[in-house]
Amino acid sequence: MLSYHTSTLKAYLLIRPLVPVSLSITMDIKFSSLGFLISLFFIVTFLAPQVKSRAFFVFGDSLVDNGNNDYLVTTARADNYPYGIDYPTRRPTGRFSNGLNIPDIISEAIGMPSTLPYLSPQLTGENLLVGANFASAGIGILNDTGIQFINIIRIFKQFEYFEQYQQRVSALIGPEATQQLVNQALVLITLGGNDFVNNYYLIPFSARSRQFALPDYVVYLISEYAKILRRLYELGARRVLVTGTGAMGCAPAELAQHSRNGECYGALQTAAALFNPRLVDLIASVNAEIGQDVFVAANSYQMNMDYLSNPEQFGFVTSKVACCGQGPYNGIGLCTPVSNLCPNRDIYAFWDAFHPTEKANRIIVNQILTGSAKYMHPMNLSTAMLLDSSRI
């Protein structure tokens with residue numbers, strides 16, 4: 001049983017590849033090397049022994065997809081070289097990354113193996129008890145987001161699979177133990193970016209942009225997201241990380257189309273500025289309804305902007321040009337075997353036209369794990385896990 005084993009919170013795995021040589025981190029303040037090491041010592045010495053292993057479930061889009069789309073007939077796939085070039089197997093896995101993505105690194109932090117895609121034939125037996133990744137590249141909050149990708153697993157279909165998953169686990173360990181596993185699990189959901197990039201701003205005069213002014217569209221998205229979060233709670237989720245949209249306008253794809261001098265695309269940055277505060281308000285409202293802090297908001301936008309605005313501080317030589325791609329900023333088209341490919345992915349913030357490198361993902365997860373109120377509300381993941389371990 002998962003809840004009976006003690007895991008190590010492997011914070012050092014997060015920090016080792018991503019902290020600049022000076023060992024300083026930008027949060028609300030800059031910690032000195034000594035201060036940072038003291039914080040790390042606290043996490044490893046006092047928090048790690050108290051955190052128990054738990055299942056991990058992932059829902060959302062390409063930022064967190066571990067390979068479900070490889071089992072679908074869709075154009076939204078990352079199944080060719082050089083995707084996965086820095087993954088342990090050095091092969092494409094369906095992750096939109098050169099190596100590990102955000103769920104993988106969170107799994108490291110909670111001392112568990114990476115979750116398998118739900119559609120993977122390997123997700124059987126004891127592998128089910130680790131959790132599952134239901135995410136599918138291209139999806140959004142709305143069902144009409146990503147329609148150009150044809151066959152993707154939309155969010156409520158992901159939830160149907162989650163129900164199916166619980167039935168499969170119940171047959172393995174019984175309904176009571178299954179409910180306990182789900183209630184004690186960590187959940188990550190990442191949605192929203194595609195509703196702007198691959199819907200509202202996909203083409204000039206898109207159907208949604210003709211239906212809504214941007215502020216009204218954001219209100220509509222939030223109202224639909226509320227249904228998603230409430231359904232996730234109904235399905236048993238009791239600790240859920242909810243990431244906001246990142247700095248969408250700064251992606252190489254957007255720079256290639258809209259930027260003259262490397263400036264971020266203002267329309268998408270405005271969309272993020274409207275959407276993210278409303279998402280935080282929604283989470284606070286849903287938590288108040290429930291009577292406890294089930295949902296935790298992660299300020300992905302600020303996490304992105306830290307290293308995009310000051311790439312050198314984080315060891316990057318560029319935060320504008322993708323490692324893999326072609327055209328201006330390597331932001332045109334897909335990452336393919338014939339694309340330009342940088343030799344050192346650790347000095348690039350973007351892997352392809354839209355997605356971060358593993359190193360950038362580690363920066364993001366480090367803030368999810370230990371970030372201040374500037375990044376995490378109402379608490380960071382380390383605090384949440386410490387609270388949860390006292391209740392299990």
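**Notebook: a buried helix, a helix pair and a loop residue**

I began with helix α6, residues 193–200, and noted that eight of its eight residues are buried, so the helix is largely enclosed by the rest of the structure. I keep in mind throughout that this is a predicted model.

I then listed the buried residues of α6, which are Gly193, Asn194, Asp195, Phe196, Val197, Asn198, Asn199 and Tyr200. When I looked up what covers them, I found that the cover includes α7 (207–211), α8 (214–234), α9 (252–258) and α10 (266–290).

Since α8 had come up as part of that cover, I turned next to how it sits against helix α4, residues 155–173, and found that the axes of the two helices come within 11 Å and cross at roughly 0 degrees. Angles under 35 degrees count as roughly parallel, and α4 and α8 are therefore roughly parallel to each other. On the α4 side I wrote down Ile155, Phe156, Phe159 and Glu163 as making the contact, and on the α8 side Lys227, Ile228, Arg231 and Leu232. Sorting the residues of this contact by type, I get five nonpolar, no polar and three charged.

My last entry concerns Thr115, which I located in the loop between α3 (102–109) and β2 (131–133). Is Thr115 buried or exposed? Its relative accessibility is 2%, and because buried means under 20%, I record Thr115 as buried. Setting aside its neighbours within four places in sequence, I find Thr115 in contact with Phe56, Val58, Asn66 and Ser107, and also with Val130, Gly131, Ala132 and Asn133.

Note on methods
Residues numbered from 1 in each chain as written. Predicted model: local features only at pLDDT ≥ 70, side-chain atom pairs only at ≥ 80, totals over all residues. Heavy atoms only, no water. Helix = DSSP H or I, 4+ residues; strand = E, 2+ residues; numbered from the N terminus. Buried < 20%, exposed > 50% of the residue type's maximum accessible area, 1.4 Å probe, protein only. Contact = heavy atoms within 4.5 Å. Axes fitted to C-alpha atoms, helices over the stretch in contact; angles between N-to-C directions. Parallel < 35°, antiparallel > 145°, perpendicular 65-115°, else oblique. Nonpolar A, V, L, I, M, F, W, Y, C, P; charged D, E, K, R; others polar.
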